[in-house]
Amino acid sequence: VAAMLKCVMSGSQVKVFGKAVQALSRISDELWLDPSKKGLALRCVNSSRSAYGCVLFSPVFFQHYQWSALVKMSENELDTTLNLKCKLGMKIKRTHNICFQESQPLQVIFDKNVCTNTLMIQPRLLADAIVLFTSSQEEVTLAVTPLNFCLKSSNEESMDLSNAVYSEMFVGSDEFDFFQIGMDTEITFCFKELKGILTFSEATHAPISIYFDFPGKPLALSIDDMLVEANFILATLADESSRASSPQSLCLSQKRKRSDLIKKKAGKNITGQALECISRKAAPRRLYPKETLTNISAVENCGSPAMKRANGDISEVSENSVSNTEEVPGSLCLRKFSCMFFGAVSSDQQEHFNHPFDSLARASDSEEDMNNVCRKEFNGSDAKYFCII
Amino acid sequence: MRFRAKIVDGACLNHFTRISNMIAKLAKTCTLRISPDKLNFILCDKLANGGVSMWCELEQENFFNEFQMEGVSAENNEIYLELTSENLSRALKTAQNARALKIKLTNKHFPCLTVSVELLSMSSSSRIVTHDIPIKVIPRKLWKDLQEPVVPDPDVSIYLPVLKTMKSVVEKMKNISNHLVIEANLDGELNLKIETELVCVTTHFKDLGNPPLASESTHQDRNMEHMAEVHIDIRKLLQFLAGQQVNPTKALCMHRICRSGKKTLLFRVETNETSKVSSVLGDETIFL
């Protein structure tokens, strides 16, 4: 049993597709390809799980989009290559074979519609803001009031390095296509990903919507031009003072009880472990299914039975968690970025972990002369891919 | 110490930005000297000459429509600051299409030169961009090393050919040798020479004209055609020429040999009498 994907793009479509891949590559070296009847979704998450990107290309974006699940194929036809074929000019045809591996699907939970603060800007404004800062600038702070918007160098950094220039730009609310601020807020996030998002938005010519709340809660940047829908979710720096009172990390399994239990555990050791997997400054790791399990189990070691329960019923939790996000108790981050927990959505988790490379179909035959062809064969099995955004 | 200044004219801002870009290309760190009438950018080349290698002077009233300063003290009404050149040029880069640019000395968490720009935008409200550039105040005891380089009683002083031409000639010569000999006389002749084992190339410029010399007496017995020569590092000359983005109204070169035998070459470029850039290059004869 295998699924099949075949897409064809024209030159200008490839440009947009390419810029999406470029933007995502700033977040991570690894990319999830996730086809469905809704279209082809490209997703990635960085190693410290503080940045996530998802670009969904609807079927009508492509010249040709063909996707089907459950196509019967024989057992001995296994292949792990993704074929990218390019036709350049009239006579040159280029084929790229890219290896892929079956992996756990990626999912993040973030409901941008409940965010207190929403802005919509033209890419031009973001471009003007980005030139203020040097490429060595790590973090920037966005400060808003109901009347204006300010993007500035993150305070922490400019105080550490006495040679660093502090820059800020104030923009009046009338420069925004949409400006709705529920409360005065200052959030700090990573600057690096912004540039990739900007290049992609310039390729689509669509405005950028920004959704955010309070420090610690992730910020979402969305671009939607009817054919392509992109969402980039970046973790923000948790404020020390607001830490206790507000929900911060996008934990997949979130039950009030679990956090209470963690809090009650005495000593720094346990919290240290929990912090390990949610610290932004974690060393980069390759994302294998096992890693996800390690992360969850690290928290599991805190001894919460509620956590274990949650693992088994993730699909249930996730459906409810949208409304529960507000109630989730504070993370234990101390001046660290919150991160988003990711986990598999498949109910057949066990199967995946044992045989991660199992179900890969062979490449189909015959290459027609297409302009640009993107083809992937894989076994979707029972994994459910969905992204509540 | 206080300093506040404002530029509202687009052309002035442009000129100021170009000078800042030139400085940023020449050296990582520069000194900014603020006095009641002038603004100076000073570069020191401690390794080569131990003195000022480039001196740039701006007549304040030609750039700023508001300019207020208060120096270190009443007797020493000047301010000397050290900053990273690129920080200023980058801040000014964001000031294109500005309605107004303000520069002032501030002390936020540490002493800064704050560049504040009011930008025109599509909507009715302006955008305000602010950059706080960290600076170091230079103590008075070091000021003596930062004075304008002068060539008293030069032996030869000559107007330079069109800098663009000179630059392209010197650029080509750089491919052959790092060492350039500049010869000039009081008859309006300037030669640029390079010599290697295999080849010797000379470019001759004639009828350049010589600026009037200060003291007439010393030149009565002087042979007008006698060439004074100085050996210099070609790359240093190129740096100076490359930095000249503005078309100067006057460019000249002065040469002097002091009694000790030390030779100094001074290049000076003036633009409309609003700005003046002087570059000093020392003799670098290699004895084989």
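In this predicted model, a network of salt bridges links Arg124(A), Asp128(A), Glu175(A) and Arg127(B). One contact within this group makes a good starting point: Asp128(A) and Arg127(B) join through their side chains in a salt bridge, with an N to O distance of 2.8 Å. This pair crosses between chains, running from helix H2 (residues 123–130) of chain A, which holds Asp128(A), to strand E9 (residues 127–134) of chain B, which holds Arg127(B). Asp128(A) has a relative accessibility of 21% and therefore counts as partly exposed, because buried means under 20%. Arg127(B), with a relative accessible area of 8%, is buried.

Chain B also offers salt bridges of its own. The side chains of Glu78(B) and Arg33(B) meet at 2.5 Å, N to O. Glu78(B) sits in the loop between strand E5 (66–70) and strand E6 (79–84) of chain B, while Arg33(B) belongs to strand E2 (residues 29–34), so this salt bridge ties together parts that are 45 residues apart in sequence. Both Glu78(B) and Arg33(B) are buried.

A further salt bridge pairs Glu118(B) with Arg99(B), whose closest N and O atoms are 3.3 Å apart. Here the partners come from two strands of chain B, Glu118(B) from E8 (residues 111–119) and Arg99(B) from E7 (residues 98–107), so parts 19 residues apart in sequence are tied together. Glu118(B) is partly exposed at 28% relative accessibility, and Arg99(B) is partly exposed as well, with a relative accessible area of 40%.

Over all chains, the count of salt bridges comes to 17.

Terms used. Residues are numbered from 1 along each chain as its sequence is written. Chains are lettered from A and ligands numbered from 1 in the order in which they are written. This is a predicted model: local features need pLDDT of at least 70, side-chain atom pairs count only at pLDDT 80 or more; totals for chains, interfaces and linings use all residues. Side-chain values use heavy atoms; hydrogens and water are left out. A salt bridge is a side-chain nitrogen of Lys or Arg within 4 Å of a carboxyl oxygen of Asp or Glu. Helices (H or I, at least four residues) and strands (E, at least two) are DSSP runs, numbered from the N terminus. Buried means under 20% relative accessible area, exposed over 50%, partly exposed in between (1.4 Å probe, protein chains only).
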